[in-house]
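Reader: I should like to go through this model with you, one topic at a time. Could you begin with the loops and then move inward?

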Amino acid sequence: MERRNFLRLSATSAMAVAIAPSLITQRLYAEDGSLFQSFEKVQLKDAEGNPVKASALAVEENYVFNYPYVGTPAIMVNLTSPAEKDIELTAEDGTKYIYRGGAGAKGTIVAYSAICPHQLTHPQPEMSMFHYIDEKGTTKAYKGGSFVCMSHLSRFEPKQGGKVVGGPAMQGLASIILEVDTEDNIWAVAVLGPVKFQDYFDAFKDEFKKFYGNRRKAKKLIKEEAKVQTLKNFSADIIRL
Ligand code: FES
């Protein structure tokens, strides 16, 4: 069963906020109650083990890392303008949740689970059918400045908490909550929104065996750090229609 650690306001957490600024963000999300799961706080690092700096992220680049599990991919993007704040979203089952905005000095850094909520398409080393399309990438099939799943053209709005804005998906992307500390380091701390992790673990057993040895390893929680790389480095073929 997935770990659910819904934060509760308490005297204990109030004390923690006083000494750990990172918890302030967690509290803000937790006050809204639903569809928020805090996980291990992990630092994003590059392939050499150096911290990824928020100010060094290229604009509109797809950066891939796995979170909150060893085998669950996420994509981070530094957008051209800040993500919107306090967006109310609705999961397929009708549950409401609030997206509070992006991370970084300008609120332009967002990250989402890269598992399409329609039929679980996700980036793979051989190819990626799911990714952010830059603003100049508009085609007849979709509008740029969106996450697009090329399998059936579901489209998700990165500035509005991953809201589904096109295609057959019935709900938006789960957001990976990021924090940027005073030294410009990036941390993943939580997941907000409807997740498809269990469906994903059930559906791709052969893939997990191939890449991780077995599904059990893929289902382990990421600890301490998550390795980040560009999607163009991770996937041999990035599919665009
Ligand atoms: S699997 Fe993504 S749109 Fe169908």
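**Loops, cores and pockets**

Author: Leucine 153 is placed in the loop between β8 (146-149) and β9; strands (E, at least two residues) and helices (H or I, at least four) are DSSP runs, numbered from the N terminus. This is a predicted model, in which local features need pLDDT of at least 70 and side-chain atom pairs count only at pLDDT 80 or more, while totals for chains, interfaces and linings use all residues. Residues are numbered from 1 along each chain as its sequence is written, and side-chain values use heavy atoms, with hydrogens and water left out.

Reader: What is the sign of phi at leucine 153?

Author: Phi of leucine 153 is positive, about 65 degrees, although the residue is not a glycine. Most residues other than glycine have a negative phi, and most peptide bonds are trans. Aspartate 184 also has a positive phi, near 75 degrees, and sits in the loop between β11 and β12.

Reader: Which peptide bond is cis?

Author: The bond from tyrosine 67 to proline 68 is cis, with omega near 0 degrees. Proline 68 belongs to the loop between β2 and β3.

Reader: Turning to lysine 159, is it buried or exposed?

Author: Lysine 159 counts as buried because its relative accessibility is 18%; buried means under 20% relative accessible area, exposed over 50%, and partly exposed in between (1.4 Å probe, protein chains only). Lysine 159 lies in the loop between β9 (154-157) and β10 (163-166).

Reader: Which side chains make polar contacts with the side chain of lysine 159?

Author: Serine 81 does so at 2.7 Å, and glutamate 135 at 3.5 Å. A polar contact is a pair of N or O atoms within 3.5 Å; within protein, one must be able to donate a hydrogen and the other to accept it, and residues adjacent in sequence count only if both atoms are side-chain atoms.

Reader: And how many residues are in the largest nonpolar core?

Author: That core has 31 residues, and those with the most contacts inside it are Leu44, Phe65, Met76, Ile176 and Leu178. A nonpolar core is a set of buried Ala, Val, Leu, Ile, Met, Phe, Trp, Tyr and Cys residues joined through side-chain atoms within 4.5 Å. Elements that each supply at least two residues of this core include β1 (36-45), β3 (73-78) and α3 (197-203). A second, separate core of 27 residues includes Val77, Leu79, Tyr99 and Cys149.

Reader: Where else does Phe65 appear?

Author: Phe65 is among the residues closest to the centre of the second largest pocket, together with Asn66, Tyr212, Gln229 and Phe234. The space in this pocket is about 360 Å³. On a 1 Å grid over the protein atoms alone, a pocket is an open set of points with protein on both sides within 12 Å along at least five of seven lines, a cavity is a set where a 1.4 Å probe fits but cannot get out, and lining residues have an atom within 4 Å of a point. Grid points are joined across faces, edges and corners, and a volume is the space filled by probe spheres set on the points.

Reader: How many cavities of 30 Å³ or more are there?

Author: The count is 1 cavity of 30 Å³ or more. The largest cavity holds about 50 Å³ of space, and its lining includes Ser113, Leu173 and Phe197.
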